[in-house]
Amino acid sequence: MNAEEEDVVVGAGVAGLAAAHALRLAGRSVRVLEVADAVGGRMRTLRTKGFLVDTGAEQVPERGYPATWGLLGHLGVDRSAVPRIGRHLAVWRGGRARPGLAHPLGLLTGAGLGPRARLDLLRVSRVRPDFDHPERAALGTVAEFAGAFHPDVLDYLCQPVVSGFFGWRPERSAAAPLLALLAAVGPASTWRTYRDGMDTLARVLAASLDVTTGVRVDGVVSEPDSVRVLCGGGEIRARRVVLAVPAPVARALHLNAPAHDAEFLAASTFTPVVKAHLMLSTRPTSRSYAIVVPAAEDRVVSTLILDHVKHPGRAPTGRGLVTVMANPAVAPDLLDATDDEVVDVLSGAAQRFFPGLRATTTGALVTRFRHGLPEATPRALALRAAFATRPVGAVEYAGDWTGLVPCGEAAVRSGQQAAARLLATTPARREHA
């Protein structure tokens with residue numbers, strides 16, 4: 001086989017692995033290159049001392065994820081390996097966690113909203129942008145959209161949700177992707193998690209693919225009949241390349257990107273995410289597995305996830321695992337702080353919500369994503385339609401940022417779409433099947 005008859009996928013998160021899987025099914029020869037020492041990307045799970053630490057994504061909704069569930073079924077992953085979480089999401093307000101976020105129960109309990117704001121919640125829930133085309137809904141930023149309702153809708157619903165799950169600032173990110181995702185996934189009572197860690201899908205995909213970890217790609221250059229992949233002081237000649245990395249990384253790697261790619265890449269900014277995962281000697285109890293904290297209540301912590309409540313196998317018997325996510329206001333400053341400094345800041349702030357947390361902490365891990373989640377600004381949204389209909393190139397892209405809806409389902413779809421675009425112009429030679 002000539003080198004130019006091999007496709008290369010850069011990035012072994014679920015988007016890149018989904019792209020490689022689809023190309024391989026079509027009979028293409030594919031190689032996946034990953035800079036990290038393991039697959040998973042923002043769905044990676046770390047394993048240490050009996051703890052399973054999900055570094056990024058936390059749940060898999062039953063609804064709104066057809067590509068993910070279809071891929072899992074094709075790979076033979078039974079739903080028993082993705083059990084229901086079965087616990088509520090909550091909002092912190094007035095000194096306590098109020099359950100019912102992203103659930104019909106919230107209309108009764110309030111989930112942090114006052115009585116008048118609950119009526120507005122019904123109006124918000126009727127806004128349902130298209131998941132695949134959020135750019136078609138002109139709703140402005142999250143702050144602008146929420147500004148038409150009771151102040152609680154922004155302060156105790158939209159802001160804590162977008163900051164707590166996406167690391168967004170509501171005045172910068174568009175409302176349409178948020179509302180499209182919430183409408184698609186349905187109530188939190190139906191959400192699931194992978195029993196053996198959120199990297200389950202990535203690990204199963206990688207097992208049947210040619211994946212090399214620990215490889216840094218320095219650039220890709222499109223040429224008339226092939227693509228040069230620059231890495232390790234040398235180069236690889238590929239037939240086609242899929243850049244399954246965050247948009248800012250793709251922009252830096254694609255050294256001769258055409259103008260219709262470059263404009264959207266430049267607009268597709270990302271937010272940083274910093275988390276401290278605290279391993280505990282005891283197992284705190286809670287009705288909720290995650291608590292989002294409004295900026296009106298705290299400026300350091302945005303989310304608290306009780307991983308052992310999300311699934312008991314995340315921590316050894318009798319022990320607990322709590323993840324503390326930094327508020328977007330402090331996350332940029334923590335990116336370059338030491339691990340000890342991050343743990344000190346986040347665990348100290350989390351004491352307010354779980355008194356005695358520090359005293360029971362026996363170990364901690366820190367995860368940082370400089371490019372955590374696509375920011376989905378109105379500027380990027382305005383350019384998205386043209387990007388989606390651009391001519392097929394020798395270098396394609398995959399990642400949830402291509403659809404501007406930050407979630408695992410968008411990542412899977414983007415990988416499959418990147419593969420379909422390449423196959424439409426250069427179908428597989430059947431002898432490679």
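**Exercise 1. The hairpin and its sheet**

How many residues does the hairpin use to join β8 to β9? Work it out, then place both strands in their sheet.

*Solution.* Before counting, note that this is a predicted model, where local features need pLDDT of at least 70, side-chain atom pairs count only at pLDDT 80 or more, and totals for chains, interfaces and linings use all residues. Residues are numbered from 1 along each chain as its sequence is written, and side-chain values use heavy atoms, with hydrogens and water left out.

Step 1. Find the strands, which are DSSP runs of E with at least two residues, numbered from the N terminus (helices are runs of H or I with at least four). β8 covers residues 217–222 and β9 covers residues 227–231. The hairpin between them goes through four residues.

Step 2. Check the pairing; two strands pair if DSSP finds at least two bridges between them. β8 and β9 run antiparallel and are joined by five bridges. For instance, Val217 has Cys231 as its bridge partner in β9, and Gly219 has Leu230.

Step 3. Build the sheet. It's an open, antiparallel one of three strands, in the order β8-β9-β10. β8 and β10 (234–238) are the edge strands, each pairing on one side only. On average, neighbouring strands here are turned by 20° against each other, direction ignored (axes are lines fitted to C-alpha atoms, for helices over the stretch in contact, and angles run from 0 to 180 degrees between N-to-C directions).

**Exercise 2. The parallel sheet**

Put the five strands of the parallel sheet in order and explain what sets its edges apart.

*Solution.* Step 1. The order of this open sheet is β7-β2-β1-β11-β17. β7 (211–213) and β17 each have a single partner strand, so one side of each lacks a neighbour in the sheet.

Step 2. Look at one pair inside it. β1 (residues 6–10) and β2 (residues 29–34) pair in the parallel sense over five bridges; Val8 has Arg31 as its bridge partner in β2.

**Exercise 3. A pocket**

Describe the second largest pocket and say which element gives the largest share of its lining.

*Solution.* Step 1. Size it up: the pocket holds about 350 Å³ of space. On a 1 Å grid over the protein atoms alone, a pocket is an open set of points where a 1.4 Å probe fits, with protein on both sides within 12 Å along at least five of seven lines; lining residues have an atom within 4 Å of a point. The volume is the space filled by probe spheres set on the points.

Step 2. Go to the centre. Of the 21 lining residues, Arg384, Ala388, Thr402, Gly403 and Gln417 are the closest to it.

Step 3. Trace the elements. α15 (378–388), β17 (395–397) and α16 (408–425) each supply at least two lining residues, and α16 gives the largest share, six residues.
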